[in-house]
Amino acid sequence: MAVNGGMEAFNAQGVPTGWDINDDDLVEPDDDQGNVHSGNFSARLFDGAILSQDIDIEGGCFFELSFFAKGNGAQVQLEACVIFSNDDSLQPTETCILIRAQDIPTDNRNFAFYRFITDRAPNNATNARIEFRVTASGEQSLNLDDVSFSVN
């Protein structure tokens, strides 16, 4: 259900097509050897980046979010969230996983695979927002690739 989950297309500002970012300076396409899980590119996210995508859904279901990530430096942390909402009165609800800096691989060419199942979406939910929130020290960064979002 995610658009451009393979991070193969980017706009002129370097933001993956179909995705939103809180600051264009915090993301860039990366095609360096060892920094791509599959295809030709991954998205490189820097400290403070929040990369997100809104997806129309039917409420009452469980969803699965999966992705590959690797750190460029030892002090990179990632929080991946799915936030359910609608256009009306639904108070947004979210399911998140936190991947601590010590748990993200930093070796060249080694990506880790992450996958989680959300809580059941509220029956009146019409939207799911996928968010990737990066915390990194200095010029360190995170590479994200092959994002998938599906009904479980």
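Me: Rings of Phe, Tyr and Trp (its six-membered ring) pair if their centres lie within 6.5 Å; planes under 30 degrees apart count as stacked, over 60 as edge-to-face and the rest as tilted. How many aromatic pairs does the structure hold?
Reply: This is a predicted model, where local features need pLDDT of at least 70, side-chain atom pairs count only at pLDDT 80 or more, and totals for chains, interfaces and linings use all residues. Residues are numbered from 1 along each chain as its sequence is written, and side-chain values use heavy atoms, with hydrogens and water left out. The number of aromatic pairs is seven.

Me: What is the geometry of the pair formed by phenylalanine 67 and phenylalanine 132?
Reply: The ring centres are 5.0 Å apart. The planes meet at 80°, and the pair is edge-to-face.

Me: How many residues separate phenylalanine 67 from phenylalanine 132?
Reply: Strands are DSSP runs (E, at least two residues), as are helices (H or I, at least four), numbered from the N terminus. Phenylalanine 67 sits in strand β5 (residues 63-72) and phenylalanine 132 in strand β9 (residues 127-136). The pair links distant parts of the chain, with a separation of 65 residues.

Me: Are phenylalanine 67 and phenylalanine 132 buried or exposed?
Reply: Buried means under 20% relative accessible area, exposed over 50%, partly exposed in between (1.4 Å probe, protein chains only). Both phenylalanines are buried.

Me: Which residues do ring pairs link into a cluster?
Reply: Phe67 and Phe132 belong to it. The full cluster is Trp19, Phe67, Tyr114 and Phe132.

Me: Which residues touch the most other members of the largest nonpolar core?
Reply: A nonpolar core is a set of buried Ala, Val, Leu, Ile, Met, Phe, Trp, Tyr and Cys residues joined through side-chain atoms within 4.5 Å. The largest one has 40 residues. At least two of them come from each of β3, β4 (50-56), β5, β6, β8, β9 and β10. Touching the most other members are Leu65, Phe67 and Phe132.

Me: Which residues is leucine 65 in contact with, leaving aside its neighbours within four places in sequence?
Reply: Contact means heavy atoms within 4.5 Å. The partners of leucine 65 are Ala80, Cys81, Val82, Tyr114, Arg115, Phe116, Ile130, Phe132, Val147, Ser148 and Phe149.

Me: Which strands stand at the edges of the sheet with the order β1-β4-β9-β6-β7?
Reply: Two strands pair if DSSP finds at least two bridges between them. This open sheet has five strands with antiparallel pairing. Each edge strand has a single partner, so one side is left without a neighbour in the sheet. The edges are β1 (20-21) and β7 (93-99).

Me: How many bridges join β6 to β9?
Reply: Eight of the 10 residues of β6 are buried, so β6 is largely enclosed by the rest of the structure. Seven bridges join β6 (residues 76-85) to antiparallel β7, where cysteine 81 stands opposite cysteine 96. In β9, isoleucine 130 stands opposite valine 82. β6 and β9 also run antiparallel, and their bridges number 10.

Me: Which are the edge strands of the sheet with the order β2-β3-β10-β5-β8?
Reply: This sheet is open, with five strands and antiparallel pairing. Each edge strand pairs on one side only; they are β2 (27-30) and β8 (112-117).

Me: Which residue in β10 does arginine 44 stand opposite?
Reply: β3 (residues 42-46) and β10 (residues 141-151) pair in the antiparallel sense over four bridges. Opposite arginine 44 stands asparagine 143.

Me: How many helices and strands does the protein chain have?
Reply: From the N terminus on, the elements run β-β-β-β-β-β-β-β-β-β. The count is zero helices and 10 strands.
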